[in-house]
Amino acid sequence: VRSEGNPIPDSEKQAVFRRFYRSDRVRSSGQGYGLGLAIATKITQQCGAKIGLETDAGGNCFFVIFRCKK
């Protein structure tokens with residue numbers, strides 16, 4: 001999933017997957033609860049998958065990698 005906008009700083013990339021984490025910018029806007037990515041992380045872990053984040057000047061890209069079991 002790609003979102004346009006300000007890239008998440010490297011210093012926050014791991015933190016965004018923690019429960020209730022919200023950056024200063026989001027906290028001051030009063031939006032969100034900091035649960036969405038924590039829930040997505042738990043679901044991907046339960047499925048044996050991995051969730052990640054890549055950023056560039058155009059925004060943020062969240063991805064999930066599923067591995068096939070043989």
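Let's start in the middle of things: beyond its close sequence neighbours (those up to four places away), Ile51 touches Phe17, Ala40, Thr41, Thr44, Phe63 and Val64. Please keep in mind that this is a predicted model. The chain holds two helices and three strands, and along the sequence they follow the pattern β-α-α-β-β. From Ile51 we can walk outward to the core, the sheet, helix α2 and the long loop residues.

**The chain as a whole**

- The protein chain has 70 residues, of which 24% count as buried.
- Along the principal axes, its C-alpha atoms fill a box of roughly 45 × 25 × 20 Å.
- If you take the contacts between residues at least 6 apart in sequence, 44% of them join residues at least 24 apart.

**The core around Ile51**

- Ile51 belongs to the largest nonpolar core, which has six residues. Its other members are Ile8, Val16, Phe17, Leu53 and Phe62.
- Phe17, one of the residues that Ile51 touches, is buried, and Phe62 is buried too.
- How many aromatic pairs are there? The count comes to one.
- That pair is Phe17 with Phe62: the ring centres are 6.3 Å apart and the planes stand at 80 degrees, so the pair is edge-to-face, the label for angles over 60 degrees.
- Phe17 sits in the loop between β1 and α1 (24-29), while Phe62 is in strand β3, so the pair ties together parts that are 45 residues apart in sequence.

**The sheet**

- As a reminder, strands of a sheet pair through backbone hydrogen bonds, in either a parallel or an antiparallel way.
- Here, three strands make an open sheet with the order β1-β3-β2, and the pairing is antiparallel.
- Which strands lie at the edges? They are β1 (2-4) and β2 (50-56), each pairing on one side only.
- From one strand to the next, the twist averages 15 degrees.
- β2 pairs with β3 (residues 59-65) over seven bridges, in the antiparallel sense. Two examples place Gly52 opposite Phe63 and Lys50 opposite Ile65.
- The link from β2 to β3 is a hairpin that passes through two residues.
- On the β1 side, three bridges join β1 to β3, and these strands also run antiparallel. Arg2, for instance, has Cys61 in β3 as its bridge partner.

**Helix α2 beside Ile51**

- Two of the residues touched by Ile51, Ala40 and Thr41, come from helix α2: Ala40 is found there, and Thr41 is as well, with the helix covering residues 36-46.
- Is Thr41 buried or exposed? With a relative accessibility of 13%, Thr41 counts as buried.
- A polar atom of the Thr41 side chain lies 2.7 Å from the backbone oxygen of Leu37.
- Setting aside neighbours within four places in sequence, Thr41 is in contact with Phe17 and Ile51.
- Ala40 is partly exposed, with a relative accessible area of 25%.
- The C-alpha atoms of Ala40 and Phe17 are separated by 8.3 Å, although the two residues are 23 apart along the chain.

**Two more residues of the loop between β1 and α1**

- Lys13 has its place in the loop between β1 and α1.
- What does the side chain of Lys13 make a polar contact with? Its partner is the side chain of Asp10, at 3.0 Å.
- Apart from neighbours within four places in sequence, Lys13 is in contact with Ile8, Leu53 and Thr55. Ile8 and Leu53 are members of the largest nonpolar core.
- Phe20 also lies in the loop between β1 and α1, and at 55% relative accessibility it counts as exposed.
- The backbone of Phe20 deserves a look too: its phi is near 65 degrees, a positive value in a residue other than glycine.

Terms used. Residues numbered from 1 in each chain as written. Heavy atoms only, no water. Pairing = 2+ DSSP bridges. Helix = DSSP H or I, 4+ residues; strand = E, 2+ residues; numbered from the N terminus. Axes fitted to C-alpha atoms, helices over the stretch in contact; angles between N-to-C directions. Phe/Tyr/Trp six-rings, centres within 6.5 Å; stacked < 30°, edge-to-face > 60°. Buried < 20%, exposed > 50% of the residue type's maximum accessible area, 1.4 Å probe, protein only. Core = buried A, V, L, I, M, F, W, Y, C linked by side-chain atoms within 4.5 Å. Contact = heavy atoms within 4.5 Å. Polar contact = N/O pair within 3.5 Å; in protein donor to acceptor, adjacent residues only side chain to side chain.
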